[in-house]
Amino acid sequence: DRLVGREVYATDNRRVGRLEEFRAVRRDNLWIITEFVIGAAGLMERLGLGVRQIVGWKRAGGYVARWDQLDVGGTRLVRFLTPKTLAESAV
C-alpha cells in the first residue's frame, strides 16, 4: 500500500500515470500481487462503479501491468522494465 499514488514512468522517463490499485490472489496464508493498475482506470476501480456512473465516465484510460513488468524496489520511482511493456498493457 506504500506504492499507491506513486507516479509510474516508462523507460524513456515519460510519465505514464499514477499507481492506483493492486490486484492480488490469496495462496495459503499469503497475498500475492498479480497486477498493478495505473491511471484513471485504477482510480475508478478503487472508487467503484457508483462513482463512475455519477461522474458520467464511460471508460477510464489507464494501464494494467503484470507484477513482473514494473520495477518497484529500492527507489521512490516506479518504472516499466521494458519499452514494449507499455503497449502490451493498455487497458
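**Group meeting: sheet and core of a predicted model**

Among the elements of this protein, helix 3, residues 83-88, has the lowest mean pLDDT, at 53, whereas strand 3 has the highest, at 89. I begin there since what we have before us is a predicted model. Across the protein the pLDDT averages 75, and 65% of the residues score at least 70. Over residues 87-91 the value is below 50. That stretch nevertheless has twelve contacts in the model beyond near neighbours in sequence, and I would ask you to keep its pLDDT of below 50 in mind when viewing them.

Let me turn to the sheet. In what order do the strands of the open sheet lie? There are six of them, and the order is 4-3-2-1-6-5, with mixed pairing. The edges are formed by strand 4, residues 63-66, and strand 5, residues 70-71, each of which pairs on one side only.

I shall go through three of the pairings, starting with strands 2 and 3. These two run antiparallel and are joined by eight bridges. One pair to locate on the screen is Glu21 with its bridge partner in strand 3, Val37. The two strands form a hairpin, with two residues between them. In that turn, Asp28 has a positive phi of about 55 degrees.

On its way to the edge, the sheet continues from strand 3 to strand 4. Here the pairing is again in the antiparallel sense, over four bridges. Glu35 stands opposite Arg66 of strand 4.

At the other edge, strand 5 meets strand 6. Two bridges join this antiparallel pair. Leu70 has Phe80 of strand 6 as its bridge partner.

Both of those residues lead us to the next topic, the nonpolar core. Which residues make up the largest nonpolar core? It has twelve: Leu3, Val8, Ala10, Val16, Leu19, Phe22, Phe36, Ile38, Ala65, Leu70, Val78 and Phe80. Two or more residues come from each of strand 2 (15-27), strand 3 (30-38) and strand 6 (78-80). Strand 2 gives the largest share, three residues. As general background, nonpolar side chains in soluble globular proteins tend to be buried together.

Finally, consider one member of this core, Ala10. What is Ala10 in contact with, leaving aside its neighbours within four places in sequence? The contacts are Val16, Arg79 and Phe80. Of these, Val16 and Phe80 are also listed in the core. Phe80 thus appears both in the core and as the bridge partner of Leu70.

How values were computed:
Residues numbered from 1 in each chain as written. Predicted model: local features only at pLDDT ≥ 70, side-chain atom pairs only at ≥ 80, totals over all residues. Heavy atoms only, no water. Core = buried A, V, L, I, M, F, W, Y, C linked by side-chain atoms within 4.5 Å. Buried < 20%, exposed > 50% of the residue type's maximum accessible area, 1.4 Å probe, protein only. Contact = heavy atoms within 4.5 Å. Pairing = 2+ DSSP bridges. pLDDT = per-residue confidence, 0-100.
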